[in-house]
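Grab a pencil and work through these short exercises with the structure open beside you. Each one has a task and then a worked solution.

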Amino acid sequence: MQEAIIKDGSNVERMTNKHTGRTLTLFFFLFSILIFISRIWYIRQTNVLAIRNDEYGYWAHAALFTGHDWSDVLSGHMNWYSYGYSLVLVPLFWLSHNLYFMYKAAIVLNGIFAIFSFLLSFLCARILFPKISPYRLLFLSFTVNMYSSYITQGAIAWSETFLYLCVWLALFAFLKFEQLPSTGRAMLLSLCIGACYITHNRTIGIVTAYFLMAMFLRLTDAIGWKQFFALTLPLILILFWNVNIKTYLCMIEGFGLKPKNGMGAQKEHLLSLFTLKGWQNLAFSLGGQLWALMTSTLGVLFWGLSSCFRRVYRAFHEKKTERHTFFYLFTLLSAIGTFLISAISLIDPASITNLSSNADLSYFIYTRYDECVIGILLLLGFLELTQSAKDRRFFLSSLFCLLLYAALSFILYLNLQKITGSWHYRSFCAAGVGFYRIFAKKFAMHWCIPIAAIGYFTLSLLLSFARGRLQNLRLITACLLCVALFVPTGLYSAKIGTINSQLGKVSSGNLAMYEQLKKVVGNKEVYCTLDDTSNFRIAYELQVNLIDTHIHSITMEDLPLEDGYFICCSNGNLDDFTGGGYYLLEQSRDYAVVVKGRALANDLHTRFSSLKLQEL
């Protein structure tokens, strides 16, 4: 009788676990679909690169890897960009040479990368908090991955979304190594950190934190020498390999080994830290970034940092390593390093050093470089709030958060008031604070601060005091509140920062001009004249639309004397074509394509009878 009862109980437990697993899987797929849709929301309007330097840099490397020579435009107007994301774009060149298809495919890949980031964040949460209901962890992981800036970056074909995935993969690999240290897991972790670095060099803060952690683990005898070398040697080899690859690409693509392509670019920034003004600028930059991140996350970022600091401090204070102490220390060091690297890189522009100028506000609230590490901080912050009780520590932490935020707001406001020109910012670099535009067209701290404060107090009430039967309901309400703020903010920032820029390319008539040139160019040379340096983006546009054609970036004076090629120039340069032999092929609002040579013009007229050429 007793055995039968035990057997029936086991069957019920298995059925319950099976039902729970199915429901959890159903929610995971539902959230994954929502995450994917949020990243490709504007895909129907995404037909062309917005043509930012970063985008062209990544696509140009991928073109080189597949046998295309875009070096003339690249070397003439740009500096170094990492090639890790370019490796992801390589298969798109194998599949098609249709730019519209390739760009849309890159956006779809962003959606897929976001789903994997969601999965990894959930797996990390399960390892860190095994006693918390997986449903709650799934909801929180979903909320983190719907953060507004993540949605904004999904609409752009550059490295950000892939970088977020690489960082989550590194964090997951660190947790697995921490659970069961082994040589294989150590090498996998080292490779993941290397992948982060070759995807974006701004992760040097994470790499530095990683080496510090490896040495700390060895010095405390937490790992042996074999595991220490497994942690460090693969990454060191990747870093040396990266130097060689970077040197090769700089030479073959025509950059040369300029200071801008290496640490020399940061030399002036670093030297400025030896002055009082330099430290003031660093404080402005770092404070502005922290203010923007705390605002856009409704204070959750603070609780993430607080969670890491509190656990690390307690472990050192009690001289007793707790569960996942090393992971929290690595996360804290990575965050601090990334924030500092970002701040140091931004202390030189005029918007920081000359506050009376018509400044670009982005340099004060530039959070794009930081957002590769804040995903884990948001997850930890939500969980910290969820597990907080109404005790003295919670109220003191809340008070410190409010005082810190007030101080950052006050300092930032005083400095922004010194800017005499109009305030503007690049929405894709500070997407998280875009919700203020609900109330104001220009940047307005007086809208950002109350919205963030109200959101913070609401989250605190829903999460910190969530106890009893309504706990799950309050958690879901908090998640929905954040998502309701994140989604429209992220989509709106994507629209004004990327989609409108792309639509501007269409409305200008440039795309029609490129299509016409693509039909007739054949194997002829194409020269893009850039006497006005502000027109350099037309060269990027021309090259990415004529994938198989090598575009020459040149001045009007250096155009070849012989006939038989095409010229892309500003409309204002058309009066410079004198002496005959020049024919207007196509014209947009600002630019024109000219045929050089009567023989080439006659050949085009013969092959394309509907083509009408106008002699200049």
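A residue counts as buried when its relative accessible area is under 20%, and as exposed when that value is over 50%. Keep in mind that this is a predicted model.

**Exercise 1. Work out whether C528 is buried or exposed, and how far its sulfur lies from the closest cysteine sulfur.**

Solution. Start with the area: C528 comes out at 0%, so it is buried. Next, find the closest cysteine sulfur, which belongs to C568, 4.4 Å away. A disulfide needs the two sulfur atoms within 2.5 Å, so this pair is too far apart for a bond. The count for the model is zero disulfides. Another cysteine to look up is C250, which is buried with a relative accessible area of 1%.

**Exercise 2. Check the span of helix α19 against its number of residues.**

Solution. Helix α19 covers residues 445–464, which makes 20 residues. At 1.5 Å a residue, the expected span is 28 Å. Now take the end C-alpha atoms: they sit 27 Å apart, which agrees. While you're there, look for the buried positions, among them C448, I451, A452, G455, Y456 and L459. Their spacing is worth a thought, because residues three or four places apart in an α-helix point the same way.

**Exercise 3. Find where D221 and L298 lie, and say which is buried and which is exposed.**

Solution. First, the backbone: most residues other than glycine have a negative phi. D221 has a positive phi of about 60°, and phi of L298 is near 55°. Second, the location: D221 is in the loop between α10 and α11, while L298 is in the loop between α13 and α14. Third, the accessibility: D221 is exposed at 58%, whereas L298 is buried at 3%.

**Exercise 4. Classify the ring pair F174 and F327, then the pair F216 and F326.**

Solution. The model has 42 aromatic pairs. In one of them, the ring centres of F174 and F327 are 6.1 Å apart with planes at 55°, so call that pair tilted. F174 is in helix α8 and F327 in helix α15, 153 residues apart. Both of these residues are buried. For F216 and F326, the centres are 6.0 Å apart and the planes at 70°, so the pair is edge-to-face. F216 belongs to helix α10 and F326 to helix α15, so parts 110 residues apart in sequence are tied together. Finally, F216 is partly exposed at 25%, but F326 is buried at 16%.

Methods
Residues numbered from 1 in each chain as written. Predicted model: local features only at pLDDT ≥ 70, side-chain atom pairs only at ≥ 80, totals over all residues. Heavy atoms only, no water. Helix = DSSP H or I, 4+ residues; strand = E, 2+ residues; numbered from the N terminus. Expected span 1.5 Å × (residues − 1). Buried < 20%, exposed > 50% of the residue type's maximum accessible area, 1.4 Å probe, protein only. Phe/Tyr/Trp six-rings, centres within 6.5 Å; stacked < 30°, edge-to-face > 60°.
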